[in-house]
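Please go through the salt bridges, the core and the surface of this structure with me. Short answers will do.

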Amino acid sequence: MTATPDKPHIARELFLLLLLATLWGSSFTFIKVGVHTIPPVTLIAARTLIAGAILLVLLRWRGLAMPRDHAMWRRFMVQAAINSVIPYALIAYAEQTTDAGMAAILNSTSPIFAFLITALVTRHEVVTARKLFGVAAGLAGTALVIGTGALKGIGVQFWSELALVGAAACYGVSAIFGKGFRGLDSMVPAAGSMICGAVVLVPASLLLDRPWTLSPSRDSVLALLALSVFSTAIAFVIYFRLLRTLGSVGATAQAYLRVPIGVAVGVVFLGESLSPTAWIGLACVIAGVAAMTLPQRISGSAASA
């Protein structure tokens, strides 16, 4: 059977899930470098503005037009609030005082919020025992990869850590709300949400930070550009596609992959080593992601939902 937007080629979608996890996993490092010399509000305002401009150019190049009805733009504004404005601000605020690794760890809980909201409120996807296992395995694996030593600082920077969990909750909600853009090309809601985010954040930056008075370092500027192009513009196109193909719980499963990706980078490029427990954790994470993303086998007697 050939793949369609609703019945995708699963290997390709899992590759995109891994790519999205890599792009968003690296964003915490970019943010950490960026906020050294660029205030949080200005950093995220520039992030949304640059990403939105890139996506508009790509849409024009592809011959696609943005919707003109006000109802859709109101949806874009809501999506911008819960998937960029609020979580970006919370993460940028938190990373002034917390490590990028801790930010990635605490932000990896977004699939839990997506799963709980799906199970208890919206019920727009079938909540299976396998998905429940996936959430539990992903959590257990993340805890094993991190190790208890990495969590010793929790409580010392309570408000920053709470902000990171709040950002994860926003991402869980946005994954469910974003399912409403099913009929659109994935680049359209990505561009719309970035434009709406910039409409809110740029005036706030001008008012609060007076960016014309800033003197950002070269490293911060490069981090901002990488954050805008790779971890925002490209990542959001992939994200909205995965919402269509893997569902809201499946698409948020990439959050679990951010932690092992960060560990792998440390092993390959920094010569760090993993404990036996961490290797077990990686296996749990992989099992959890598979459980939440692989499609159910449809039996001959199964009825459609």
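Q: Is Asp185 buried, partly exposed or exposed in this predicted model?
A: Buried would need under 20% relative accessible area, and exposed over 50%. Asp185 has 27% relative accessibility, so Asp185 counts as partly exposed.

Q: Which residue forms a salt bridge with Asp185?
A: Asp185 lies in the loop between helix H7 (158-177) and helix H8 (187-208). A salt bridge needs a side-chain nitrogen within 4 Å of a carboxyl oxygen. Here the closest N and O atoms are 2.9 Å apart, and the partner is Arg62.

Q: How many residues apart in sequence are the parts that Asp185 and Arg62 tie together?
A: Arg62 is partly exposed, at 40% relative accessible area. Arg62 belongs to helix H2 (residues 40-62), while Asp185 sits in a loop, so the pair ties together parts whose separation in sequence is 123 residues.

Q: Which residues are linked with Glu13 in a network of salt bridges?
A: Glu13 counts as buried, at 0% relative accessibility. One salt bridge joins Glu13 to Arg12, with the closest N and O atoms 3.6 Å apart. Another joins Glu13 to Arg241, at 2.6 Å from N to O. The residues linked with Glu13 are therefore Arg12 and Arg241.

Q: Which helices hold Arg241 and Glu13?
A: The two residues are 228 residues apart in sequence, and their salt bridge ties those parts together. Arg241 is partly exposed at 23% relative accessibility. Arg241 lies in helix H9, and Glu13 in helix H1.

Q: Which helix gives the largest share of the largest nonpolar core?
A: This core has 62 residues. Those with the most contacts inside it are Leu55, Phe236, Tyr239 and Leu242. The largest share, 11 residues, comes from helix H9.

Q: Is Ala92 buried or exposed?
A: Ala92 is found in helix H3. Beyond its neighbours within four places in sequence, Ala92 contacts Ile31, Val35, Pro40 and Ile44. Its relative accessibility is 0%, so Ala92 counts as buried.

Q: Which residues form a nonpolar patch on the surface with Met77?
A: Met77 is in helix H3 (residues 70-94). Patch residues need over 30% relative accessible area, and Met77 has 32%. The patch has about 230 Å² of accessible area in total, and Met77 shares it with Val199 and Val200.

Q: How many disulfides are there?
A: Cys170 is buried, at 14% relative accessible area. Cys196 is buried too, at 5%. A disulfide needs cysteine sulfur atoms within 2.5 Å. By this rule the count is 0.

Key
Residues are numbered from 1 along each chain as its sequence is written. This is a predicted model: local features need pLDDT of at least 70, side-chain atom pairs count only at pLDDT 80 or more; totals for chains, interfaces and linings use all residues. Side-chain values use heavy atoms; hydrogens and water are left out. Patches are made of residues with over 30% relative accessible area and no salt bridge: like charges are joined within 9 Å, nonpolar side chains (Val, Leu, Ile, Met, Phe, Trp, Tyr) within 5 Å. Accessible areas come from the Shrake-Rupley method with a 1.4 Å probe; for residues, only the protein chains shown count as cover. Helices (H or I, at least four residues) and strands (E, at least two) are DSSP runs, numbered from the N terminus. Buried means under 20% relative accessible area, exposed over 50%, partly exposed in between (1.4 Å probe, protein chains only). A nonpolar core is a set of buried Ala, Val, Leu, Ile, Met, Phe, Trp, Tyr and Cys residues joined through side-chain atoms within 4.5 Å. Contact means heavy atoms within 4.5 Å.
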